[in-house]
Amino acid sequence: MGRIFRWAVVLVILVILISGSVAFYTVFFGGKDLVIPPLREMSVLDAVDEAERIGLEVKIEQVESSIPAGTVLAQWPEAGTKVRRDKSIILKISQGGNKKAVPDLRGLENTQALKKIQELGFTAGDTVRIHDDNRPAGTVIAQNPAVPAVVDDSRKIDLLVSLGPVPKDGRIPVPDIAQRDEETGKDLLAQSGLKFGGTEYVSTQNTPEGMIMSTKPGAGTMVRPGDTVQIVVAANRRKEEPQKPETPVVPPGSAGRPSGAVVVEEPPVQTQPRQVGPAGPVQTVLTPRQQELAGATGLPSGTPPAFAPAAAQTGPAATGTAKIRYQVPPLTKPLDLKIEMVDATGTKHILGRDVKGGEFISLDAPFVREGVVTIYLGGEFVWQERYK
C-alpha cells in the first residue's frame, strides 16, 4: 500500500512539472515563432479577425485617402515580422473621401478660372488681387493649393489675380491678349480699365478662327485708363475670287481664232529627275515646248523657269502658335522638366532641363493644324492642353 502511494505522489509531481514547463515556454518562448500575416488591401473586418485569430492585439488609425473606406492601407509591423503573442499591430485604414487632382488655373481669365473650379466639383475660395507688370488685369497669377496636388474636393481653391501694371504718369500699357478668344479679350480689356472699341475681322488661314491676333493700339502701348482699344480677330474666311467672263476656248492648231479667245497650250510635262550612276549628276529631260521656254527666257539649256529646282521642303507650314505658360511649384530640389508637343507632323521635344521651384516658363511653339502640349515634372505627368 505504501509503495502505491509513493508512485502516485511521484506521478502528481511529474504532471505539475510538465504543466509548469509548458506554461513557462508558452509565456517566454512560444511567441517568438509568431509571424505577422499580410493584411494590406484587406477590409478592416477581415484584417482584425485574422490578427486576433493568431493572438495579436489590433490598434486602428484612420487616414484620408481616395481608396474606398475601410481598406487597410498599411500595417506595422510589416508582414513577415516575427513577434510575441502579446505584441500589438497597428493598421492604417482608409476613411474614404473624394480626392481629385487640382486643375492648373494660372494664365486663365478670372471668370474662366471660377467656371472651371465649379465644373470640376471644387469650391472657389478667396480671390486676392495685386498689381503685376507681366500679366493683364484679370489674369490668374497663382493659386492655392498649387499644382501638382491631389486634395479632397471639399478643399477651397484660392486665387491670386492680377490688377495689371501699376499706372505710370497716369498711363497704363495695353495688355497682351493675343492668342485668346474674343470674349476673353473683351473681359481682360474691361478689367484693365480700357474700353472695347470694336472688332476687326481679318481673313487668314494661319490663325484659328475666333482667336485674337493683335490689338489697335498694339500691346504695350501706353494709354490712359478709359481709352478705346480695338481687337483684331482671325475670321478664316477666304476671299472670293472675282468671276472671269467666259471666253471661247480654241484647241491648239485651230485656224481662225476669234478675237479675245483663250488658246489652250499643251501643258508642260514635268518629268522625274534621272540620276546617272550611284552618285552622278542629276539631269532633267525636257519637252520641246519646255526647251523653247528655256531659250526664250535666257536660262541655261535644260533648266526651264517653271521647272527650276525648288528649295528643300521643310514640312507643312505652321498653322498656329501654342503660348505655353507654366510656373514651377515650390520644390526642395531641382527637377527635370520636359515639355512635348504632338501635332500633324509628329512628336516634338520643346523643352528638357532641370528647373527650380517658382521658375516661370514662357514658350511659343508653332504647330500644324492642331497641337497637344504635355508637361512632365520629375518624370510625372503634370498638365496637358490642346491648341487649335
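## Helix α3 and its neighbours

The buried residues of α3 pack against three strands, namely β7 (123–130), β8 (140–144) and β10 (156–162). Bear in mind that this is a predicted model. The helix itself covers residues 110–119, and its buried residues are N110, A113 and I117. Looking down the axis of α3, you'd find them within an arc of 60°, so they line one face of the helix. The general geometry helps here: an α-helix has 3.6 residues a turn, so residues three or four places apart point the same way.

What sits on the face of α3 turned away from its buried side? That's where the exposed residues K115, Q118 and E119 are. As for the ends, E109 caps the N-terminal one, with a side-chain oxygen 2.9 Å from the backbone nitrogen of T111. After α3 comes G121, which has a positive phi, near 85°.

## A nonpolar patch on the surface

Over to the surface: F5, W7, V9, V10, I13, L14, L17 and I18 together make a nonpolar patch of about 830 Å². Take V9, which belongs to helix α1 (residues 2–28). V9 counts as partly exposed because its relative accessibility is 36%.

## D343 in strand β21

Is D343 buried or exposed? This residue of strand β21 (residues 335–343) has a relative accessible area of 9%, so D343 is buried. A polar atom of the D343 side chain lies 3.1 Å from the backbone nitrogen of V368. Leaving aside residues up to four places away in sequence, D343 touches K348, F367, V368, E370 and G371.

Conventions: Residues are numbered from 1 along each chain as its sequence is written. This is a predicted model: local features need pLDDT of at least 70, side-chain atom pairs count only at pLDDT 80 or more; totals for chains, interfaces and linings use all residues. Side-chain values use heavy atoms; hydrogens and water are left out. Patches are made of residues with over 30% relative accessible area and no salt bridge: like charges are joined within 9 Å, nonpolar side chains (Val, Leu, Ile, Met, Phe, Trp, Tyr) within 5 Å. Accessible areas come from the Shrake-Rupley method with a 1.4 Å probe; for residues, only the protein chains shown count as cover. A salt bridge is a side-chain nitrogen of Lys or Arg within 4 Å of a carboxyl oxygen of Asp or Glu. Helices (H or I, at least four residues) and strands (E, at least two) are DSSP runs, numbered from the N terminus. Buried means under 20% relative accessible area, exposed over 50%, partly exposed in between (1.4 Å probe, protein chains only). The arc is that of the directions from the helix axis to the C-beta atoms. Contact means heavy atoms within 4.5 Å. A polar contact is a pair of N or O atoms within 3.5 Å; within protein, one must be able to donate a hydrogen and the other to accept it, and residues adjacent in sequence count only if both atoms are side-chain atoms.
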